[in-house]
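The following exercises are to be worked with the sequence and the structure at hand. Each task is followed by a solution in steps.

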Amino acid sequence: MTLVPISLYLILGAILFTIGAVGVLVRRNVIVIFMSIELMLNAVNLVFVAFSRQLQSMEGQVTVFFVMTVAAAEAAVGLAIIIAAFRNRETVNADELNLLRW
Amino acid sequence: MHAAATPVEFLWLIPVLPALGVLFNLFVGPRAGRGAVNVVSPAVVGVAFGVACYAFSRVFGLPHGAALEQDVYPWITAGMLQVHVAFRLDALSGVMILIVTGVGFLIHVYSTGYMHEDEGYARYFAYLNLFTFSMLILVMADSLPLMFVGWEGVGVCSYLLIGFWFDKEANASAGKKAFIVNRVGDAGFLLGVFLIFWHLGSGPHTLRFTEIAAHAKDIPLDTVTLITLLLFVGATGKSAQLPLYVWLPDAMAGPTPVSALIHAATMVTAGVYMIARLNFLYILSPTTMAVVATIGVLTALFAATIGLMQNDIKKVLAYSTISQLGYMFLGVGVGAFSTGIFHLMTHAFFKGLLFLGSGSVIHGMSGEQDMQKMGGLRAYMPITFWTFFAGTMAIAGFPPFAGFFSKDAILAAAFGSEYGSWWLWLLGLIAAGLTSFYMFRLVFLTFFGDCRVDEHAKHHLHESPSSMTMPLVVLAILSLTGGWIGLPEGWLWGDRFGELLAPVFSAAHVSEHMSSSTEAALMGASVAVAAIGLGVAYLFYLVQPGLPMLLAWKAKGAYNLIFNKYYIDELYDALFVRPTVTLSNFLWRTVDAEVIDGVVNGAANVVNANSGLWRRWQTGNVQQYAISMLLGAMAILGYYALR
């Protein structure tokens, strides 16, 4: 089995991260924005794991576990907020959830 | 002054007892009801009087000139200044606490009758007890700063009690006037204290009287003159002397027992007490002594002339008080310190009596104070009349009443002392004649002649209750006999009062040489002018009631001048009050409302306009925020990457 060079992992991570960031910026639906955020988190996880393997160090993998835990908690809270917002405003459109302004 | 002091542990009780009365009246009194207030308020002062009597007997038992002392606790420790709350009881402060608690007790008892219909009953007694507490601090204080605490405390109580019925504008402003005029004097007093501290030299200072006495001789003479004059400014404010006397006549707006206690018997004598207490300092400066004596005799004469023409019964007594205080200053000003204090004591008896008597008249007359609407009250109020008559005999200076001995001793000292002179004596004598005249005018207008009381008041006309007449009787007895402890030299047991106080004034020995024939002649002159005053008043107000009017018409200019109190109030109003009001209005409306408020509001407006611009940044759109975050993150990364 040939080793996949680390540069490919990093390129894949950068592509995933960019997709996530663009998704956050351009999509209107809050749930899709949310999913895009998860995508960005996992792009970073991939880079962590790749470096962990490359450097023969467990620290990167430990960090990934933390990120996944936080992401899970964040998903629970975030979805609850989205549901609560939908019940109040009957929309999950980020453009229309703009009460916090001047 | 320099004799050893005996430490004791009970002196604090004397001022603290009335302070307990204050707490009771403030927190329990309004709910406990009048019965309880009636008992507690006089009782605390009565018990304090008992303790004071015991303390005074202890002073008697001490070797000549010694004092009782109690150091309660260190009060101010700040660098060179180490002031203790400490009390000192020698013959001088002993006499004072007996007057304050004794006369004070009688006036508390009297007040239970006088104020029994008033709404603010507990408040009244709280103030009255607070006053007693402050006055006791003033006279028992061992150091100038503690004395100043009492000095200010009595001023506050005076203000509170003058404006006791504060729902009337006139009463409230009379209280304010008293307080502000006193502040002018207090500023002088305080500067005097600072100067003393400044000149005591190096080392820690307690500002105790003994310490000041020990260092008095090291202070340069000019400075001593300045110090004593500044302290005397304080005395002119507190004791209503020229030129700061104007508040005392207005102070009559307060309840009459207050006039008796504060504005006749005790507080206004604080200035005399202060000078007597600092006799070792005053005696060093002949200039100050001359100023004190001159101001005293001029005030005595000046106030007596105004008293001639007042129609309000309390106003006559107020000007009479100013005049009698002038006598006391004349006494201490010519170096006769114990005589000044002697007159202070007899004056407390007879002027307290006269004020309480006038209160009894006002009470019986349903609040009327104008003597022109009285007359013939002798038949309706016999006890008030006879006691009032005793007080009048005493103040006019007829033997054997108390005022004769004290006033005569002052006049004799004014004539014979090394600080005195014949013109001080003559002016004092004229004032004595005027005193006799206006007091008998008051008596004749009020108690003799036809009854000019209107029908409604006549219906209610009655003798006062026994709680009011009993103090009158006690004070009348004291007005008769109180002078007998200070007889002229060579009479029976002689001047026991002077001997008692002599050690306190040992530093200030003033020679006084007079032949006994001179002394007898002076005494004869005093009695003669008193009799002339009585005779003229009799002629003017009982025999020929038209005569005063005729005289007033003949000497219209002088009459108007005196009737309007020499226009002094108008003068002060134009000189001080109105410029101050104008300046204050300018500071308020222009400087404060426009300049200062303008700067503050302007700063707020600039910030407001700015933020109005910048707050548009906050659109509420999450994705815009996300873009700015991203751009920010990229900018930072770019900066570090390209650096």
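**Exercise 1.** Determine which residues B:H347 is in contact with, leaving aside its neighbours within four places in sequence.

*Solution.* Contact means heavy atoms within 4.5 Å. By this rule, B:H347 is in contact with B:A264, B:T321, B:Q324, B:M328 and B:G352. Next, place the residue: B:H347 lies in helix 15 (residues 337–364) of chain B. Finally, B:H347 has a relative accessible area of 0%, and buried means under 20%, exposed over 50%, partly exposed in between (1.4 Å probe, protein chains only); B:H347 is therefore buried.

The model is predicted: local features need pLDDT of at least 70, side-chain atom pairs count only at pLDDT 80 or more, and totals for chains, interfaces and linings use all residues. Residues are numbered from 1 along each chain as its sequence is written, chains are lettered from A in the order in which they are written, and side-chain values use heavy atoms, without hydrogens and water.

**Exercise 2.** Compare the expected span of helix 18 (residues 422–447) of chain B with the distance between its end C-alpha atoms.

*Solution.* Helices are DSSP runs (H or I, at least four residues), numbered from the N terminus. The expected span is 1.5 Å times one less than the number of residues, so the 26 residues of helix 18 should span 38 Å. The end C-alpha atoms are 37 Å apart, which agrees. As to covering, 21 of the 26 residues of helix 18 of chain B are buried. After this helix comes B:G449, whose phi is positive, near 70°.

How values were computed:
Helices (H or I, at least four residues) and strands (E, at least two) are DSSP runs, numbered from the N terminus.
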